[in-house]
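Work through the exercises below with the model open beside you. Try each task before reading its solution.

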Amino acid sequence: MGFNHSVIAVENLPVDEVASRLGRRAGGRTTDHDTATSSRTPGWCVSPPIDGWTFIVDQKRTLHNDEDGLRSLSTGTRLLTFEVMETSMGFSAACWTDGGMTWKAAVEDEGGLLYTIGEPPPPFAELVEIESEGAKAADYLEFCLAPPPEEWEVFEFDPDTLPGRQASMLNVPVRTARAVSGGNEAPIIEVFAGITGYRYDTGGALDALHVLSENPAH
């Protein structure tokens, strides 16, 4: 049995500024990493800056999929997102810089398709072998990842966020790849950890975390 959550790492932003950009405020309550990534989570939880990064733990993964929120958080700085869905072995990491996404890497399920949009930095390139790239890869992604139209509502699928179309809007390459060793999720875990220092499977990570209030900041 696995767990699902996402972590957003924002560079050089203090807790109060992160909370303000999310329309919330940091109260006096704190919690630990295990609680923040479990079903007992009290909401968005934010770490004090660690080596220049402030981490947001989001068990419900709402911020991970909120482009407006990520755009606001990354304005004037850089952020990285990391999503883990252990129940289906889905993993992703992406980078946003000054309001725009610059690269993304994701695998949809265990042993499934690994794709990249743009150029994830080392050590990612050393951990994968490219299988296809360019327009052919984008077509392949759209074919593999899109459910039938009659199931779009069930899966909350948005056809405007297909990887191939994202890549076209960003004018960056899209590629399919496979891990040199280990599962296809390994390069995603390593590239996020290599930049931010955070490993999702390390016990006691990011303690203690400030709980952000549900009330808008004033």
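**Exercise 1. Place Gly-76 in the fold and decide whether this residue is buried or exposed.**

Solution. Start with the secondary structure. Gly-76 sits in the loop that joins helix H3 (67–74) to strand S5 (78–85). Helices (H or I, at least four residues) and strands (E, at least two) are DSSP runs, numbered from the N terminus. Next, take the accessibility. Gly-76 counts as exposed because its relative accessibility is 67%. The classes are buried, under 20% relative accessible area, exposed, over 50%, and partly exposed in between (1.4 Å probe, protein chains only). Last, take a distance. Lys-60 is 16 residues from Gly-76 in sequence, and their C-alpha atoms are 26 Å apart.

Two notes on the model apply throughout. It is predicted: local features need pLDDT of at least 70, side-chain atom pairs count only at pLDDT 80 or more, and totals for chains, interfaces and linings use all residues. Residues are numbered from 1 along each chain as its sequence is written, and side-chain values use heavy atoms, with hydrogens and water left out.

**Exercise 2. Find the salt bridge of Arg-71 and describe its setting.**

Solution. A salt bridge puts a side-chain nitrogen of Lys or Arg within 4 Å of a carboxyl oxygen of Asp or Glu. Arg-71 meets Asp-68, at 2.9 Å from N to O. Both belong to helix H3, three residues apart, about one turn of the helix. An α-helix has 3.6 residues a turn, so residues three or four places apart point the same way. Now check exposure. Arg-71 is partly exposed at 33% relative accessible area, while Asp-68 is exposed at 57%. Finally, widen the view: Glu-67, Asp-68 and Arg-71 form a network of salt bridges. The structure holds ten salt bridges.

**Exercise 3. Which parts of the chain does the salt bridge between Arg-175 and Glu-119 link?**

Solution. First confirm the pair: N to O is 3.1 Å. Then locate both ends. Arg-175 is in strand S10, and Glu-119 is in the loop between strand S8 (114–117) and strand S9 (128–133). These are distant parts of the chain, 56 residues apart. Arg-175 is buried, with a relative accessible area of 16%.

**Exercise 4. Glu-185 is buried: which side chain of opposite charge is nearest?**

Solution. Lys and Arg count as positive and Asp and Glu as negative; His and the chain ends are not counted. The nearest opposite charge is Arg-199, 9.6 Å away, and Glu-185 has no salt bridge. Arg-199 instead pairs with Glu-190, their closest N and O atoms being 3.0 Å apart. Glu-185 lies in the loop between strand S10 (174–179) and helix H6. Leaving aside neighbours within four places in sequence, Glu-185 contacts (heavy atoms within 4.5 Å) Met-89, Phe-91 and Val-107.

**Exercise 5. Which residues touch the most other members of the largest nonpolar core?**

Solution. Such a core is a set of buried Ala, Val, Leu, Ile, Met, Phe, Trp, Tyr and Cys residues joined through side-chain atoms within 4.5 Å. This one has 30 residues, and Phe-82, Phe-91, Ile-188 and Tyr-198 touch the most other members. H6 gives the most to this core, with four residues. The buried residues of H6 (residues 186–196) include Ile-188, Ile-189 and Phe-192. Gly-197 follows H6 and has a positive phi, near 85°.
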